[in-house]
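Welcome! Here is a short guided walk through a few spots in a protein model. Please have a look at the sequence and the structure before reading on.

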Amino acid sequence: MDALSGAGPRRARGRLGAASPGARAAAAPWARFSAWLECVCVVTFDLELGQALELVYPSDFRLTDKEKSSICYLSFPDSHSGCLGDTQFSFRIRQCGGQKSPWHAEDRHYNSGAPVSLQREPAHYFGYVYFRQVKDSSMKRGYFQKSLVLVSRLPFVRLFQALLSLIAPEYFDKLAPCLEAVCNEIDQWPAPVPGQTLNLPVMGVVLQVHVPSRVDRPEHSPPKQCSHENLLPAPVVLTSVHELDLFRCFQPVLTHVQTLWELMLLGEPLVVLAPSPAMSSEMVLALISCLQPLKFCCDYRPYFTIHDSEFKEFTTRTQAPPNVVLGVTNPFFIKTLQHWPHILRVGEPKMSGDLPKQVKLKKPSRLKTLDTKPGLYTAYSAHLHRDKALLKRLLKGLQKKRPWDTQTAVLRRHLLELTQSFIIPLEHYMASLMPLQKSITPWKTPPQIRPFRQDDFLRSLEHAGPQLTCILKGDWLGLYRRFFKSPHFDGWYRQRHKEMAQKLEALHLEAICEAQNIETWMKDKSEVEVVDLVLKLREKLVQAQGHQLPVKEATLERAQLYIETVVGSLPKDLQAVLCPP
């Protein structure tokens, strides 16, 4: 596997195994394909090499040696899992070369409309895996072992699992020609646009999906189906592109959901040790989804092995454990990571009466390197009291044989309301730091956003705290104090401050464009001041046209007219400098 280096496009249209030279010059090769996927990989087991990358498609997509190695090792369950038959799971790896692709420039348009938790990853790849291991006497090892992997920067786990369920079994039977046909079909798909419901045809099936938007209500129900008149066969409607069956994932930890929510909120290091990559990856993805609509700002690895390039970085004892949620299956990690503060060991799902058997809360000192029993090993004490009403409601649902999607809806709504109750006071306080609109005048630099003072915020909780929207009692103040030290507060604050600064710039631009006396203002101003206004207006205009400022089209047109008016009043030599031919 050669390391492909060099700047420039990472792919050009080509057939399996060879790129078409003429297509290299195409304006945007594989543009529609790359809106959804980076590439498709096939990983096989070679007796001499072990896991080996058999195929990458499109063939010109460039992966570094480190990325190839990570994909190979993470695409197979380790020997402790014993996965026979077909299994699906996912992983997440660090991009080694950062933003190398020209189409990354298109991210801004998608990200501006997508919920923060579903934006494209700028520095990581997701790998969605369909692994098959079946007995085959024609193979030297007696087994057929192969994985089909979809590599993407979109966290659409439900969509890509559904896609793999369609194409992987067919690929394992028909191999390369089938895969090339599927990639060409994906290259005809419309781009994912937040808020739109799309029909995605593949292998004679139409998948109908709704791409979430940041203006959707967080608990939004599946969208109304598009007209089926011209769709034969009728589409397969996916209720979500990303949401997992939360109730099934959290079966063994329902009594500790609140504690786990707090650990996620605080960005605490956590290891999930599960019997299989499917269970580890689903548990990790379920845990990080607990914070929606808040963006999960820490690192997370749904499936992680000892061969991972970050193994030494994550397991070192010379510094505190990093803020990472790791999903593992190898019991070796119990010994390697026993200095981590929180370890969740889950076993095979077993039903005990009506409620699934629950893991117990155990002290880290009870962690055994061999034969570790299921449990949440932590010394952490939850700040909030457990919501017994939630457990009763879920238990009642089980007794009444309520559908699991209904149980998941109950659990998801509870976590959403908990997160919103925690965030709303922060949002209200942050909004109070915004300068009043009447203080924004056309010809002066806009006022600054006032600083976030933690003590002032904590004092405000007495009359505007989470108790207004949440019945849970507990040490909310202590939880906020710990939250202020977490990566999630830093990520939330930076995002909100950026949005408020953009709003301030937009209001200032509107104030300038609504001022009727620009000629009067110019009369007693020096050429330096007038040129400065032109440059500032142009800068705001560029920002606004790049969707970085929330302004109306009419405002942009007026700003352009103002620039032309001001430039026209300047001497010819200055006009030539500001508007070169």
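How many of the 8 residues of E4 are buried? The answer is 6, so strand E4 is largely enclosed by the rest of the structure. Please keep in mind throughout that this is a predicted model.

## Strand E4 and its partner

Let us stay with this strand for a moment. Strand E3, residues 39-46, runs antiparallel to E4, and 7 bridges join the two. If you would like one pair of residues to look for, try valine 40, which stands opposite tyrosine 57 in E4.

Tyrosine 57 is also worth finding for its link to the next residue: a cis peptide bond joins tyrosine 57 and proline 58, with omega at about -5°. Proline 58 itself sits in the loop between strand E4 (50-57) and helix H2 (65-74).

## Unusual backbone spots

Some background helps here. Most peptide bonds are trans, and most residues other than glycine have a negative phi. With that in mind, a second cis peptide bond can be found between glutamine 292 and proline 293, where omega is about 10°. Proline 293 belongs to the loop between helix H8 (277-289) and strand E12 (299-301).

Next come two residues with a positive phi. Methionine 203 is not a glycine, yet its phi is near 50°. Look for methionine 203 in the loop between strand E8 (197-202) and strand E9 (205-210). Lysine 401 also has a positive phi, near 55°, and lies in the loop between helix H11 (388-399) and helix H12 (404-432).

Where do these two stand in terms of exposure? Methionine 203 has a relative accessibility of 29%, so it counts as partly exposed. Lysine 401 has a relative accessible area of 71%; because exposed means over 50%, lysine 401 is exposed.

## A buried glutamine

Is glutamine 258 buried or exposed? With a relative accessible area of 7%, glutamine 258 is buried, because the cut-off for buried is under 20%. You can find this residue in helix H7, which covers residues 257-265.

Which residues does glutamine 258 touch, leaving out those up to four places away in sequence? They are Leu384, His385, Arg386, Asp387, His414, Leu418 and Leu472.

## Two helices side by side

Now move along the chain to another pair of elements. Two packed helices are described by the angle between their axes and the distance between the axes. For helix H17 (residues 527-545) and helix H18 (residues 553-568), the axes come within 10 Å and cross at roughly 155°. An angle over 145 degrees counts as roughly antiparallel, so H17 and H18 are roughly antiparallel to each other. Their crossing is left-handed.

Where the two helices meet, residues of H17 including Val530, Leu533, Leu537 and Leu541 face partners in H18, among them Leu556, Ala559, Ile563 and Val566. The residues of this contact between H17 and H18 divide into 12 nonpolar, 2 polar and 1 charged.

## Glutamate 527

One last stop is glutamate 527, a residue of helix H17. Glutamate 527 has a relative accessible area of 44% and is therefore partly exposed. Not counting residues up to four places away in sequence, glutamate 527 touches Pro571 and Leu574.

How many residues apart along the chain are glutamate 527 and serine 569? They are 42 residues apart, and their C-alpha atoms are separated by 9.9 Å.

Notes: Residues are numbered from 1 along each chain as its sequence is written. This is a predicted model: local features need pLDDT of at least 70, side-chain atom pairs count only at pLDDT 80 or more; totals for chains, interfaces and linings use all residues. Side-chain values use heavy atoms; hydrogens and water are left out. Helices (H or I, at least four residues) and strands (E, at least two) are DSSP runs, numbered from the N terminus. Buried means under 20% relative accessible area, exposed over 50%, partly exposed in between (1.4 Å probe, protein chains only). Contact means heavy atoms within 4.5 Å. Axes are lines fitted to C-alpha atoms, for helices over the stretch in contact, and angles run from 0 to 180 degrees between N-to-C directions. Angles under 35 degrees count as roughly parallel, over 145 as roughly antiparallel, 65 to 115 as roughly perpendicular and the rest as oblique. A crossing is left-handed if the near helix is turned anticlockwise from the far one by less than a right angle, and right-handed if clockwise. Ala, Val, Leu, Ile, Met, Phe, Trp, Tyr, Cys and Pro count as nonpolar, Asp, Glu, Lys and Arg as charged, and the others, Gly among them, as polar. Two strands pair if DSSP finds at least two bridges between them.
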